[in-house]
Amino acid sequence: MVVRVETKDDLAVVTIDNPPVNAASQAVRAGLLAAIAETEANTSAKAVILCAEGRTFTAGADVREFDKSPMEPHLPDVIQAIEDTIKPWVAALHGSVLGGGLEIALGCSHRVALRSTRFGLPEVTLGLIPGAGGTVRLPRLIDPLEALNMVTSGKPISATTALNLGLIDDIADGDLMACASALARSAANARPRTALRHRNAKPVMDPTAWEAAKTGIITKARGAHAPAAAARAVQAALDLPADQALIQERETFLTLKSDPQSAALRYIFFAERSASKLSELKDMEPHPLTSIGVIGGGTMGAGIAAACLLAGLPVTLAERDEAARAAGQDRITAILDNSRKRGLIDQDKQEALTAALSTTTTFEALTETDLIIEAVFEDMELKAQVFQELDKHIRRDAILASNTSYLNISAVAAQTRHPERVIGLHFFSPAHIMKLVEVIIPDNAASSVVATGFALSRKLGKIAVPAGVCDGFIGNRIMSAYRRECEYMVEDGALPWDVDQAMRDFGFPMGVFEMQDLAGLDIRWAKRKSQAATRDPAQRYVHIADKLCEAGRFGRKTGQGWYDYAGGKTTPSQWVENLVLAESARKKIARTPISDAEIVQRILSTMQAEAQALLTEGIARRPGDIDVVMVNGYGFPRWCGGPMFLKNHPSVD
Ligand code: T1G
Ligand code: NAD
């Protein structure tokens with residue numbers, strides 16, 4: 001039974017029990033309708049408490065049902081039935097009260113929650129809008145501007161914020177059911193509350209802020225359809241009587257449900273959850289993780305150390321000398337300062353995290369750490385040296401991981417006494433923010449070691465994707481391929497800013513040339529130079545980037561790269577344009593105009609071809625893994641699902 005009813009003294013308790021997240025499936029909806037009939041008929045029950053088993057109250061409609069035709073009873077009808085009951089319904093909430101789960105709670109007359117509960121309407125993240133009254137009931141309960149933010153951002157709020165907004169009546173700091181029972185009894189003895197759909201919407205206190213918020217939503221959405229539709233639905237909820245607004249909301253929801261963008265976003269939702277599920281690791285126990293070592297406190301090392309600290313793991317950072325050690329410590333402190341300013345941690349927490357960080361210039365301090373992540377310069381020899389040195393100091397069962405972007409992890413592992421304990425953990429910059437980690441699995445890696453790499457990623461709240469060993473693993477290898485294709489297009493007829501504009505119009509946050517200027521052109525130049533001797537002379541090679549670097553144009557850090565950066569402005573560079581035209585002429589290439597559509601198509605087909613090679617070679621296991629990497633690590637527009645999803649669903653773009 002996914003919904004059960006019990007009577008406790010003068011109260012009825014309706015419990016949803018549909019693991020893993022009590023999704024409002026057809027069975028749950030039918031069960032709720034039956035529970036309403038039963039509790040309304042139960043004369044001894046003065047009020048009803050609605051709660052859920054397991055780790056969370058309902059976290060939404062069952063997204064898996066969205067690819068099938070809708071089944072009765074529909075959630076809006078169930079919620080209206082709850083709203084129309086004679087007896088007060090008190091929602092006792094815990095975990096993640098999201099989407100349809102929050103809409104059910106809004107159908108109840110009262111709400112109480114544990115302090116750790118989060119509340120949200122994340123439908124826009126699935127290319128949808130709330131489809132069971134969320135856009136209509138919420139602005140009838142809380143400030144419309146707050147409702148607009150919740151519905152259009154999809155971001156959850158805390159219980160404390162929910163209480164301050166009036167979304168919930170109380171927070172239970174101990175026994176949730178006891179608190180709910182007390183609220184239910186007082187509700188039963190009080191004048192019935194007016195159902196939200198029979199109330200007027202709350203007034204907009206600041207019309208200017210309201211209009212500005214709506215404009216901001218449309219700008220930020222770039223190519224995604226749902227956020228703008230969500231904003232319009234909340235506006236309609238203010239302008240129309242509730243019943244009309246509910247009908248309009250449902251129509252918009254059903255339209256978006258068949259929008260290819262929603263199919264893409266639902267696909268990526270499930271692909272992210274299956275990426276870290278490896279059959280061979282099903283029953284594999286990861287090593288315990290109580291302490292982490294990080295070698296190198298630069299851009300990545302500091303971010304990785306901060307991510308571990310923020311996840312509650314003590315960290316020992318080892319740098320090559322005192323100056324670098326101090327600089328590394330300062331970088332970590334700056335990240336924690338910023339987290340405190342953003343309200344993610346408070347002063348006490350920051351002090352506790354700072355106390356959990358130790359920094360050193362020797363590896364002796366790492367003898368007791370469980371897992372060490374190396375993030376020193378991208379140099380094979382240096383990394384091998386560091387691993388050999390670490391080998392002498394660390395415990396036999398400690399794990400060694402490299403954050404290398406491209407290098408051969410198997411070759412690094414072979415330099416150590418126990419290659420089976422070496423993996424790659426490829427984080428993305430900034431490492432304390434970016435959700436993606438590529439878990440690089442060399443041939444000899446022990447399964448328990450690989451399982452521990454995934455366990456650490458989960459603990460850091462990351463999305464972990466398995467990858468085999470090759471030059472650049474999944475993401476950087478695909479990026480190298482489409483960056484090459486973009487340089488070909490620049491030599492053939494486009495200009496760097498044409499390519500970037502086409503990528504931005506397609507939905508990328510920035511184009512490939514802007515991105516290179518941000519990362520710095522010198523890193524890849526060093527790599528190209530190191531590979532010059534072994535480069536295949538038959539393969540086409542574009543010299544433009546080398547000539548930029550020879551001229552000292554390393555990107556934003558030198559104020560000049562593919563673009564010029566002056567006075568905070570980014571402008572296409574005449575110098576670069578002249579160089580491009582000269583290079584085409586030098587190679588006797590007759591430049592021809594390349595349309596935006598062709599630019600995007602050439603980038604996509606290059607990505608898809610490289611992705612197919614990765615699958616054929618077994619470097620990547622599933623097309624979904626590749627899409628998860630490109631969406632979470634390379635700015636591929638989420639509402640397009642990824643290059644492999646697009647290959648099979650060309651209608652999305
Ligand atoms: N439907 C179906 N399956 C779901 C699900 C859902 N809503 N949410 C989670 N799962 C599965 C998930 O695939 C995984 O399965 C398992 O549950 C655990 O999830 C009408 C239209 C709740 C914060 O968008 O954000 O309501 O891989 O690994 O990290 O207006 O899941 O084990 O087989 O993510 O602890 C709106 C989506 C729906 C919330 C828990 N709701 N879920 O995170 O576990 S649309 C959402 C989450 C809607 C109405 C509309 C998270 C979580 P498996 P997990 P977690
Ligand atoms: P960085 O130059 O910012 O930092 C490297 C740090 O390593 C420096 O602080 C240096 O002092 C330290 N170091 C060098 N030799 C050392 C030694 N023997 N012992 C201890 N510390 C030593 O470089 P980064 O950008 O942080 O890159 C580090 C690694 O992460 C590289 O392999 C890089 O390819 C990879 N990576 C970088 C990015 C990125 O976007 N920057 C993203 C993913 C992976």
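This briefing covers charged contacts, aromatic pairs and a surface patch in one structure. The model is predicted. Across the structure, the salt-bridge count comes to 43. A search for aromatic pairs finds 11. Several contacts below tie together parts of the chain that are far apart in sequence, including one whose partners are 366 residues apart.

**Salt bridges between distant parts**

- Arg638 and Glu272 form a salt bridge through their side chains, at 2.8 Å from N to O. Arg638 sits in the loop between helix H25 (623-633) and helix H26 (643-648), while Glu272 belongs to helix H11 (residues 260-274).
- The two partners differ in exposure. Arg638 is partly exposed, at 27% relative accessibility. Glu272 is buried, at 10%.
- Glu485 and Arg602 also meet in a salt bridge, with an N to O distance of 2.7 Å. Glu485 is in helix H18 (residues 475-492) and Arg602 is in helix H24 (residues 596-617), so this contact joins parts 117 residues apart in sequence.
- Glu485 and Arg602 are both buried.

**A salt-bridge network**

- The Glu485 and Arg602 side chains belong to a wider network of salt bridges. Its other members are Glu491, Asp492, Arg540, Lys587 and Glu598.

**A salt bridge within one helix**

- Arg340 and Asp337 pair through their side chains at 3.3 Å, N to O.
- Both residues lie in helix H13 (residues 322-341). They are about one helical turn apart, because three residues separate them along the helix.
- Arg340 is partly exposed, with a relative accessible area of 28%. Asp337 is likewise partly exposed, at 22%.

**Aromatic contacts**

- Phe66 and Phe253 make an edge-to-face pair. Their ring centres lie 5.9 Å apart, and the angle between the planes is 75°.
- Phe66 is in the loop between S3 and H2, and Phe253 is in helix H10 (residues 242-257), so the pair bridges 187 residues of sequence.
- Phe66 counts as buried because its relative accessible area of 14% is under the 20% cut-off. Phe253 is buried too, at 6%.
- Elsewhere, ring pairs join Trp497, Tyr563 and Tyr565 into a cluster.

**A positive surface patch**

- Six residues gather in a patch of positive charge on the surface: Arg64, Lys68, Arg273, Lys277, Lys435 and Arg458.
- Arg64 lies in the loop between strand S3 (47-52) and helix H2 (75-83). That loop also holds Phe66.
- Arg64 is exposed, at 54% relative accessibility, whereas Phe66 is buried.

Terms used: Residues are numbered from 1 along each chain as its sequence is written. Chains are lettered from A and ligands numbered from 1 in the order in which they are written. This is a predicted model: local features need pLDDT of at least 70, side-chain atom pairs count only at pLDDT 80 or more; totals for chains, interfaces and linings use all residues. Side-chain values use heavy atoms; hydrogens and water are left out. Patches are made of residues with over 30% relative accessible area and no salt bridge: like charges are joined within 9 Å, nonpolar side chains (Val, Leu, Ile, Met, Phe, Trp, Tyr) within 5 Å. Accessible areas come from the Shrake-Rupley method with a 1.4 Å probe; for residues, only the protein chains shown count as cover. A salt bridge is a side-chain nitrogen of Lys or Arg within 4 Å of a carboxyl oxygen of Asp or Glu. Lys and Arg count as positive and Asp and Glu as negative; His and the chain ends are not counted. The place of a charge is taken as NZ of Lys, CZ of Arg, CG of Asp or CD of Glu. Helices (H or I, at least four residues) and strands (E, at least two) are DSSP runs, numbered from the N terminus. Buried means under 20% relative accessible area, exposed over 50%, partly exposed in between (1.4 Å probe, protein chains only). Rings of Phe, Tyr and Trp (its six-membered ring) pair if their centres lie within 6.5 Å; planes under 30 degrees apart count as stacked, over 60 as edge-to-face and the rest as tilted.
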